[in-house]
Amino acid sequence: MANANKKSTLSFAVSATIDELRYAIPIYAGEITPIILSEPGCGKSSLLAMIAEDMGDKWCKAGDEKREGNDDKYEYIYIDCPLRDVMDMGAYIPVHAEKTLEYYVSGLLNLKSKKPKFIMLDEFMKAPKMMQVLFTRLMLERMWGDAALPKGSCIFGTSNNASDGVGDSMLAHAGNRVMIVSMEKPDSKRWLLWSGEHDIAKSIRAWVAMNPRCLASYLDGGQEDNPYIFKPNNGVLSFVSPRSLAKCDVIVRNQDKVSKNMTRAALAGTIGLSAAEDMAAFLTLEKEIISTKDVIANPETTQIPEKTAALCIMVFNAMDDLVTQDDLSAYMKFVNRIPSSELQNIFFTILMGGKRTFKLGKNNEDVKNWCKKSDNLALLGD
């Protein structure tokens with residue numbers, strides 16, 4: 001006889017990107033509960049904020065005192081599943097006059113408000129077994145204990161891959177009640193576009209551009225000698241991920257306020273020793289970097305740095321500094337002198353991938369000519 005409590009083994013031939021998921025989840029989550037799986041640090045827990053932004057909603061974050069009275073379409077609720085217990089959902093309270101028990105729902109979901117809820121069950125597959133059972137009713141029937149959610153409410157969950165070895169599992173029969181979707185780990189190109197829009201330090205972006213394998217996945221295969229990435233059960237707590245790279249921003253921006261050794265120690269504790277040593281070497285190149293302003297003033301005579309890393313940082317500086325067509329045309333004269341076609345491709349890919357810089361590049365004749373000559377017309381979006 002089969003074991004009814006057997007835990008599932010999950011494997012996927014198809015994965016979705018985080019951008020695909022942010023738009024798809026609201027379509028599905030009113031009727032079926034998507035459970036999004038990825039390896040640690042890939043950004044799945046940020047999906048609730050992304051969805052709120054896409055809805056044009058403000059979303060009251062943790063610490064905000066007031067959730068009601070705004071114009072949001074939904075009330076956005078984050079639930080950290082491993083930290084929740086049965087009493088966080090509600091309790092049966094004696095009604096002595098009638099000698100019965102009445103269910104009192106907790107205030108976690110603010111069910112006194114009839115506004116539809118958009119609920120994220122974060123790390124669902126790490127929740128205690130009893131809580132998974134209770135959350136399953138929430139996902140399947142839109143019931144919080146014995147109380148129904150407001151009409152139009154949406155629910156989705158997140159967790160890590162079972163193969164990540166960080167304690168994620170669910171009962172096999174429960175998986176047939178939900179939609180389990182694997183999320184791709186963002187590669188270096190996707191992370192560079194995101195980091196540019198979120199003002200991550202230029203030297204971090206340049207380092208990632210020079211070391212794209214730092215955002216490879218152990219699931220890709222052939223990564224046994226990759227010293228940067230997460231690997232299951234190897235006991236390493238600090239490694240490179242999209243999240244940990246973003247966390248380095250505060251370290252890099254404040255490097256002048258602490259010793260070089262402190263900066264290296266902070267980086268090692270955030271992205272691991274191998275990545276920290278390599279990135280720390282990157283940070284010593286400031287004296288070789290020529291400002292975008294100086295390049296624009298003398299694009300055909302400005303000396304090209306000998307070190308590729310310094311040149312890469314200059315390229316990322318330009319992404320933030322170029323504002324007008326004249327600036328871009330002048331900088332193009334410098335870019336055309338760069339001996340590395342790989343760096344030229346990085347420049348144009350980031351230029352045409354950024355929300356602000358895309359329009360600037362698309363309308364620039366020098367950029368159009370480069371794209372034609374290098375057979376990269378797809379970058380123009382035509």
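In the predicted model, ring pairs join Tyr331, Phe334, Phe347, Phe348 and Trp370 into a cluster. Within this cluster, the neighbouring rings of phenylalanine 347 and phenylalanine 348 have centres 5.1 Å apart and planes at 85°, so the pair is classed as edge-to-face. Both phenylalanine 347 and phenylalanine 348 are buried. Across the structure, the count of aromatic pairs comes to 14. Another of these pairs is formed by tyrosine 92 and tyrosine 103, which are likewise arranged edge-to-face, at 4.9 Å centre to centre and with 65° between the planes. Tyrosine 92 belongs to strand β4 (residues 90–95) and tyrosine 103 to strand β5 (residues 100–105), the two residues being 11 apart in the chain. With a relative accessibility of 45%, tyrosine 92 falls in the partly exposed class, in contrast to phenylalanine 347 and phenylalanine 348, which are buried.

The chain that carries these pairs contains 16 helices and 10 strands, and its C-alpha atoms fill a box of roughly 90 × 45 × 45 Å along the principal axes. Of the 382 residues in the protein chain, 47% are buried. When contacts between residues at least 6 apart in sequence are considered, 69% of them join residues at least 24 apart.

The largest pocket encloses about 1000 Å³ of space. Its lining comprises 32 residues, among which Ile18, Ser46, Met50, Trp194 and His198 lie nearest the centre of the pocket. Two or more lining residues are contributed by each of the helices α1 (18–28), α2 (47–55), α5 (188–197) and α7 (242–247), and the greatest contribution, 5 residues, comes from α5. Sorted by class, the lining of this pocket consists of 13 nonpolar, 7 polar and 12 charged residues.

Methionine 50, one of the residues nearest the pocket centre, is located in helix α2. Its relative accessible area is 13%, and methionine 50 is therefore counted as buried, the limit for that class being under 20%. Leaving aside residues up to four places away in sequence, methionine 50 touches Ile18 and Arg22; Ile18, like methionine 50, is listed among the residues nearest the centre of the largest pocket. The C-alpha atom of methionine 50 is separated by 29 Å from that of methionine 279, a residue 229 positions away along the chain. Besides Met50, the buried residues of α2 include Leu47, Leu48, Ile51 and Ala52. Together, the buried residues of this helix pack against α1 as well as against the strands β2 (34–38), β3 (75–80), β6 (117–122) and β9 (154–160). Just after α2, glycine 56 adopts a positive phi of about 80°.

A search of the whole structure identifies 20 salt bridges. In one of them, the side chains of arginine 190 and glutamate 184 meet with an N to O distance of 3.3 Å. Both partners are partly exposed, with relative accessible areas of 34% for arginine 190 and 31% for glutamate 184. A second bridge connects arginine 253 with aspartate 199, the closest N and O atoms lying 3.7 Å apart. Because arginine 253 is part of helix α8 (residues 249–253) and aspartate 199 is in the loop between α5 and α6 (202–210), the pair ties together parts that are 54 residues apart in sequence. Here too the partners are partly exposed, arginine 253 having a relative accessible area of 43% and aspartate 199 one of 46%.

A salt bridge within a single helix is provided by lysine 368 and glutamate 365, whose side chains meet at 3.5 Å, N to O. These two residues both lie in helix α16 (residues 365–373), 3 residues apart, or about one turn of the helix. An α-helix has 3.6 residues a turn, so residues three or four places apart point the same way. Lysine 368 is partly exposed, at a relative accessible area of 25%. Salt bridges that share partners further join Asp19, Arg22, Glu53 and Asp54 into one network. Arg22, a member of this network, is also one of the residues touched by methionine 50.

Key. Residues numbered from 1 in each chain as written. Predicted model: local features only at pLDDT ≥ 70, side-chain atom pairs only at ≥ 80, totals over all residues. Heavy atoms only, no water. 1 Å grid on protein atoms, 1.4 Å probe; cavity = no way out; pocket = protein on both sides within 12 Å on 5 of 7 lines; lining within 4 Å. Points joined across faces, edges and corners; volume = space filled by probe spheres on them. Helix = DSSP H or I, 4+ residues; strand = E, 2+ residues; numbered from the N terminus. Nonpolar A, V, L, I, M, F, W, Y, C, P; charged D, E, K, R; others polar. Buried < 20%, exposed > 50% of the residue type's maximum accessible area, 1.4 Å probe, protein only. Contact = heavy atoms within 4.5 Å. Salt bridge = Lys/Arg side-chain N within 4 Å of Asp/Glu carboxyl O. Phe/Tyr/Trp six-rings, centres within 6.5 Å; stacked < 30°, edge-to-face > 60°.
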